[in-house]
Amino acid sequence: DQAMIKTILNMAKIFNLKVVAEGVETAEQLSFLQENNCHIFQGYYFSKPLTYSDFESFYNTKNV
């Protein structure tokens, strides 16, 4: 799995594309992605899925 993810991230870098890593659930996953030049993430590590109003509250309290 790690080899495939590294390959995708390297290809994206070559083509100057941004990659969104979805489904990040652990600090280890986040660290691996950061170490391999992925800078946009989403997943349960950060928050469960939220409604728009819940997201506004989350955003305002976390100062993301």
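**A guided tour from serine 47**

Select serine 47, which sits in the loop between E2 and H3. The model on display is a predicted one. Serine 47 has a relative accessible area of 22% and is therefore classed as partly exposed, since the buried class ends under 20%. Now add serine 57 to the selection, 10 residues away from serine 47 along the chain. The distance between the C-alpha atoms of these two serines is 12 Å.

Next, move to asparagine 36. This residue belongs to the loop between H2 and strand E2, the latter covering residues 40-41. Is asparagine 36 buried or exposed? Its relative accessibility is 17%, so asparagine 36 counts as buried. To see what lies against asparagine 36, display Lys6 and Leu9: both are touched by asparagine 36 when residues up to four places away in sequence are left aside.

Colour the chain by secondary structure at this point. How many helices and strands does the chain have? There are 3 helices and 2 strands. Followed from the N terminus, the elements come in the order α-β-α-β-α. The chain is more spread out than a compact globule, because its radius of gyration is 14 Å, well over the 11 Å that the globule rule gives for 64 residues. Viewed along the principal axes, the C-alpha atoms occupy a box of roughly 35 × 25 × 15 Å.

Switch the colouring to pLDDT. Which element of the chain has the lowest mean pLDDT? That element is helix H3, residues 52-62, with a mean of 90. Helix H2, residues 27-35, has the highest mean among the elements, at 97. Over the whole chain the average pLDDT is 93, and 97% of the residues score at least 70. Where pLDDT is low, the predicted coordinates should not be read in detail.

Turn on the surface of the whole chain. The accessible surface amounts to about 5,400 Å², and carbon and sulfur atoms account for 55% of it. Of the 64 residues in the chain, 16% are buried; asparagine 36, visited above, counts as buried.

Then select the charged side chains. The chain carries 5 positive and 7 negative charges, and the mean positions of the two sets are 8 Å apart.

For a final view, show the contacts between residues at least 6 apart in sequence. Of these contacts, 20% join residues at least 24 apart.

Definitions and conventions:
Residues are numbered from 1 along each chain as its sequence is written. This is a predicted model: local features need pLDDT of at least 70, side-chain atom pairs count only at pLDDT 80 or more; totals for chains, interfaces and linings use all residues. Side-chain values use heavy atoms; hydrogens and water are left out. Helices (H or I, at least four residues) and strands (E, at least two) are DSSP runs, numbered from the N terminus. The radius of gyration is taken over C-alpha atoms; the globule rule is 2.2 Å times the number of residues to the power 0.38. Buried means under 20% relative accessible area, exposed over 50%, partly exposed in between (1.4 Å probe, protein chains only). Contact means heavy atoms within 4.5 Å. Accessible areas come from the Shrake-Rupley method with a 1.4 Å probe; for residues, only the protein chains shown count as cover. Lys and Arg count as positive and Asp and Glu as negative; His and the chain ends are not counted. The place of a charge is taken as NZ of Lys, CZ of Arg, CG of Asp or CD of Glu. pLDDT is the predictor's confidence in each residue, from 0 to 100.
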